[in-house]
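Reader: I'd like to go through the aromatic contacts and the cysteines in this one. Can you take me through them step by step?

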Amino acid sequence: FSTSENQVASIDDGTHLITTARTDDFATAPTAHNFRAVAVSSNPTPECTPGSRIVPFCSSAQCSGSPYCGTELRVTLGDDVRIGAGATVLGASTVPAGTVIRRGETFGTPGSIAGGTDVVALPGGQTMTFRGIPSGTFEMGCKEGRDDDGSGAQTGLASCSASSQWYDGVGLHEVTLTHDFWCGETEVTQAQFASAPGSPTPSDYSPTGGGSWASNSPNPPVEQVSWHDAAWYANWVTSAYNSVNGTNLSQCYTCSGSYDAGDPLALECTPVADVYACTGFRLPTEAEWEYAARGGEAHPFSGSADVNAVAWYAGNNGASGTATGGTKSTGTRDANAFGLYDMSGNVWEWANDEVDRTPYSTDPVTDPLGSASGLGRSLRGGFYNAPAFFTRTSVRNAPAADVRSPDIGFRLCRSVP
């Protein structure tokens, strides 16, 4: 932050951002910006270490145990700084004296979202972590030498070019995404889903053994959720976020009816016309999902050429319906280059798009929204008891939007305006 010594940018929840500078920091030129900014509240906690991020709505100061909780913050220029109740400063080089950073506002350069982390507090004490995904261009679909392996021994597919099946991701094409976006670090967990109204617990696999099948995993992803259920939950997270942070993010779905764990037809949701422009939480588009899953790398699986390193699937998991099979705690395999877990395996993940179950067009596209009238909703990533073939980043599925299954879950994302 570049302001004169002792200038103050006040935040409307009582926290202040105070910038200070030492003379030796400006030995070369004032534009070097080699100084630290300190955000303090009325009860500062000096034990917070440099690089910690302030989240004032945390119930207690836990700087030593978590980098995302506490009441004091020390950062260097270029860090993604969370200050105030939901306020974010992104790579700002100048904060004018007297600037007010209100709850939920963003100040700075959106491009610095790459590598950033946003922690969203949910009612009941749960939090949800999001990773910053920068806009960009990539090759979407099944690509020879990237998504196959010549023999099929590892990927289950010998040749992308020899396939004509839409579910293989046939139709390699260039996609440009013009918006940065936040993407859920993990699939939505059962505990996070149960924070919603009515404390819904639809999952078959239960960490306490209370579902249809017992589980040895303490933090498994929610499953037995339809596309409509996921859209309903996304709307609720948006409302909860607005309530906590004093923001006015827009809901990305119009829903009729109500969530009913016993009746998948009791709820019907439709997305807004342009989900990229929507500011609230939502399902990723199919293009966003694949772009985030690839993480800029040329691997058949999300984060590795070795499926065992990044995915829970049939080759390293027990049989369905057993204590050693089924879903596993999120984030227990390796992350990809964007810091995202389980985009290969564990549970299938709903994406926003309708899919017509035909190969992609090979024409370049920008911010695609899927089919105008598809035969199902996009489902990506494979699941805990699938062969490696289905956990490839290019594989597609498209069941009906009201389908619920013990191998289907989702993760959320949010556009950066």
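**Rings, sulfurs and a strand**

Author: Let's start with Y241, which is buried, as its relative accessible area is 4%. Keep in mind that this is a predicted model.

Reader: Which residue does Y241 form an aromatic pair with?

Author: At 1% relative accessibility, the other ring of this pair is buried. The centres are 5.5 Å apart with 65° between the planes, which makes the pair edge-to-face. Y241 sits in helix α2 (residues 227–245) and its partner in strand β17 (residues 281–282), 40 residues apart. That partner is F281.

Reader: How many aromatic pairs are there by this rule?

Author: The rule asks for ring centres within 6.5 Å. With that cut-off, the count is 18 aromatic pairs.

Reader: Y205 and Y384 have their centres 5.4 Å apart; is that pair stacked, tilted or edge-to-face?

Author: Planes over 60 degrees apart count as edge-to-face. The planes of Y205 and Y384 are at 80°, so this pair is edge-to-face.

Reader: And how many residues apart in sequence are the parts that Y205 and Y384 tie together?

Author: Y205 belongs to strand β13 (residues 205–206), while Y384 is in the loop between β20 (376–380) and β21 (396–397). Y205 is buried at a relative accessible area of 0%, and Y384 is buried too, at 2%. The pair ties together parts of the chain whose separation in sequence is 179 residues.

Reader: Which residues form one aromatic cluster?

Author: Tryptophan, tyrosine and phenylalanine rings all turn up in this one. Its members are F193, W232, Y233, W236, Y259 and F410.

Reader: Cation-on-ring contacts next: which residue lies over the face of W312?

Author: For Arg, the cut-off is CZ within 6 Å of the ring centre. Here the distance from the ring centre of W312 is 4.1 Å, and the residue is R333. Another case has a charged end 4.6 Å from the centre of the F389 ring, and there the residue is R392.

Reader: On to sulfur: how many disulfides does a search of the whole structure find?

Author: A disulfide is a covalent bond between the sulfur atoms of two cysteines. Searching the whole structure for such links turns up 3.

Reader: Is the disulfide of C142 and C160 left-handed or right-handed?

Author: The sulfur atoms of C142 and C160 are 2.0 Å apart. Both cysteines are buried. The S-S torsion is about -65°, so the C142 and C160 disulfide is left-handed.

Reader: What about C252 and C278: how many residues apart in sequence are the parts they tie together?

Author: This disulfide has its sulfur atoms 2.0 Å apart, and with -100° about the S-S bond it is left-handed. C252 lies in the loop between α2 and β15 (253–257), and C278 in the loop between β16 (267–271) and β17. Both C252 and C278 are buried. The separation in sequence is 26 residues.

Reader: For the disulfide of C255 and C269, which cysteine counts as partly exposed?

Author: Their sulfur atoms are 2.1 Å apart, and the S-S torsion of about 110° makes this disulfide right-handed. C255 lies in strand β15 and C269 in strand β16. C269 is buried at 2% relative accessibility. The partly exposed cysteine, at 30%, is C255.

Reader: Why is C183 too far from C413 for a bond?

Author: A disulfide needs sulfur atoms within 2.5 Å. C183 is buried at 2%, and C413 is buried at 0%. The closest cysteine sulfur to that of C183 is in C413, and it is too far for a bond because the distance is 6.2 Å.

Reader: Last stop, β11: which of its side chains point to one face and are buried?

Author: In a regular strand the side chains alternate between the two faces of the sheet. Along β11, E174 and T176 point to one face and are not buried. The side chains that point to the other face and are buried are H173, V175 and L177.

Reader: Which residue in β19 is the bridge partner of V175?

Author: β11 pairs with β10 in the antiparallel sense over 5 bridges, and E139 stands opposite E174. With strand β19 (residues 365–366), β11 runs parallel, joined by 2 bridges. In β19, the partner of V175 is V365.

Key
Residues numbered from 1 in each chain as written. Predicted model: local features only at pLDDT ≥ 70, side-chain atom pairs only at ≥ 80, totals over all residues. Heavy atoms only, no water. Phe/Tyr/Trp six-rings, centres within 6.5 Å; stacked < 30°, edge-to-face > 60°. Helix = DSSP H or I, 4+ residues; strand = E, 2+ residues; numbered from the N terminus. Buried < 20%, exposed > 50% of the residue type's maximum accessible area, 1.4 Å probe, protein only. Lys NZ or Arg CZ within 6 Å of the ring centre and 35° of its normal. Pairing = 2+ DSSP bridges.
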